[in-house]
Amino acid sequence: MVDIKHHKTVQHQPNKSLLETIEVHNIEIQYHCREGYCGACRTKLLKGEVEYKTDPLAFIDDNEILPCCCFPLSSIEIEID
Amino acid sequence: MKYTTFNQINNNPLTEPMFFGNPVNVARYDQQKHQIFEKLIEKQISFFWRPEEVDVSKDRVDFQKLSDSEKHIFISNLKYQTLLDSIQGRSPNIAFLPIISIPELETWVETWSFFETIHSRSYTHILRNLFGDPSSIFNDIVENEEIKKRAADISKYYDDLIFATQLWQTLGEGVHTVKGVTHTITMRELKKKLYLCMNSVNALEAIRFYVSFACTFAFAERELMEGNSKIIRLIARDENLHLTSTQHVINLWAKGKDDPEMAEIAEECKEEATEIFLNAVEQEKEWAAFLFQHGSMIGLNKEILCQYVEFIANHRMSAIGLGQPFDVKSNPLPWMNNYLSSDNVQVAPQESEISSYLVGQIDSEVSADDFGDFDL
């Protein structure tokens with residue numbers, strides 16, 4: 001499950017990136033490259049763990065993730081700017 | 001310290017700071033102090049493209065159909081982008097290379113600048129297609145007050161750093177009088193100039209291009225000037241990567257992961273860095289007013305463009321710890337993201353590998369009749 005602070009809790013879609021899951025549920029999130037190099041989708045990870053299939057190149061802080069190229073490993077809680 | 005093209009001191013590049021340590025000697029990439037720059041080099045090289053690959057011939061017809069106010073918007077943006085890339089094609093090399101101390105950053109800066117020169121060449125490609133002789137357009141870049149104003153603001157931080165570096169490299173630290181003007185050169189001052197310059201470059205890559213990008217993509221939304229839009233999409237992809245690199249440099253400093261003195265300077269100059277960014281936002285808004293002075297274009301007006309600049313600025317500023325000063329919560333131009341997504345940029349692999357045979361061979365005129373004998 002993906003708990004999006006100030007929005008709602010949604011079910012993660014298998015084989016989809018976190019960004020795609022968020023989009024499926026019509027929650028507005030900024031994105032540009034969708035490949036992890038621009039950082040436009042930078043989001044705070046409040047709880048849980050994610051993994052990357054491709055190395056994220058954009059700058060992300062220790063408590064931040066790039067939804068465009070990450071996949072949740074557990075139930076997570078995030079906050080979209 | 002005098003610059004040397006091959007530093008003979010057997011130093012350990014893994015312990016050098018990014019800037020103002022020993023000059024680089026061996027260009028080696030098997031080990032890196034900051035791996036990110038090597039990864040950015042690889043990504044940037046994988047993006048390689050040539051302007052001539054993109055057929056812009058149909059744009060000539062489209063351009064004739066534009067209203068005078070739209071022509072003003074289109075051409076002014078091209079002039080502004082030509083200016084930005086003229087500066088970016090040389091300045092990171094001249095300002096940063098003499099003071100860089102690690103090989104992966106040195107090569108990243110060279111790679112970055114090289115791509116800016118591709119962008120510059122693509123503007124000539126676009127303009128040559130629209131006008132038999134584009135001289136008057138290029139000449140206006142150094143005469144147009146609106147453009148000159150921006151050029152002065154961008155180049156001053158570079159020029160300041162370059163001049164101080166030259167004094168330091170020839171005369172060292174101290175008080176120097178050159179042509180009757182006294183300059184105090186200390187390492188602290190040099191690093192401050194570098195910090196402000198990097199912030200000015202970051203602001204440039206972060207928002208300065210986006211007003212013109214929005215106009216280009218607004219034309220493309222109406223299926224106009226699509227060759228141009230395809231080129232600008234490739235440019236936007238590169239600029240995103242350049243922005244990532246300046247964000248990394250600024251954050252490595254601020255978080256104390258490089259030169260500890262730069263972390264102090266980052267704290268000390270936070271207000272000035274914010275000022276640089278907000279100034280760039282103001283200038284972009286003024287640019288939007290200049291663009292739309294003769295009338296707006298379908299799908300875009302001054303107000304919405306200014307909101308977009310604020311929206312983008314919020315994101316870019318928070319990425320380097322400057323907060324979100326503007327009250328724009330949702331993206332006023334959501335369709336922009338379709339043009340900025342790399343899914344919509346990449347061509348088929350065989351085309352991106354061997355492009356030479358495709359030059360000028362793409363027929364951009366397709367009519368319904370061409371599909372006459374297709375059966376599904």
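Visitor: What makes the crossing of helix 8 and helix 9 of chain B left-handed?

Guide: In this predicted model, helix 8 of chain B passes helix 9 of chain B in a left-handed crossing, a term used because the near helix is turned anticlockwise from the far one by less than a right angle, whereas a clockwise turn would be called right-handed. Helix 8 covers residues 210-221 and helix 9 residues 226-254, both being DSSP runs (H or I, at least four residues, numbered from the N terminus). They pack at an angle of about 145°, with their axes 9 Å apart; axes are lines fitted to C-alpha atoms over the stretch in contact, and angles run from 0 to 180 degrees between N-to-C directions.

Visitor: Which residues make the contact between these helices?

Guide: Among them are Phe213(B) and Phe217(B) of helix 8 and Ile232(B) and Glu239(B) of helix 9, contact meaning heavy atoms within 4.5 Å.

Visitor: Why is Arg42(A) with Glu64(A) called a salt bridge?

Guide: The term asks for a side-chain nitrogen of Lys or Arg within 4 Å of a carboxyl oxygen of Asp or Glu, and the N to O distance here is 3.0 Å, so the pair qualifies. Arg42(A) lies in the loop between helix 1 and strand 3 of chain A, and Glu64(A) in strand 5, 22 residues apart; strands are DSSP runs of E, at least two residues long.

Visitor: How do you know whether Arg42(A) is buried or exposed?

Guide: Buried means under 20% relative accessible area, exposed over 50%, and partly exposed in between (1.4 Å probe, protein chains only); Arg42(A) has 9%, and therefore counts as buried. Glu64(A), with 13%, is likewise buried.

Visitor: What makes Lys149(B) partly exposed?

Guide: Its relative accessibility is 40%, so Lys149(B) falls between the two limits. Lys149(B) forms a salt bridge with Glu286(B), the closest N and O atoms being 3.2 Å apart, and Glu286(B) is partly exposed too, at 36%.

Visitor: Why is Asp85(B) said to have no salt bridge?

Guide: Asp85(B), in helix 3 of chain B, is buried, and the nearest side chain of opposite charge, Arg90(B), is 11 Å away, a distance that therefore does not meet the salt-bridge limit. For charge, Lys and Arg count as positive and Asp and Glu as negative, while His and the chain ends are not counted.

Visitor: How are the residues numbered, and which atoms are used?

Guide: Residues are numbered from 1 along each chain as its sequence is written, chains are lettered from A and ligands numbered from 1 in the order in which they are written, and side-chain values use heavy atoms, leaving out hydrogens and water. Local features need pLDDT of at least 70 and side-chain atom pairs count only at pLDDT 80 or more, while totals for chains, interfaces and linings use all residues.
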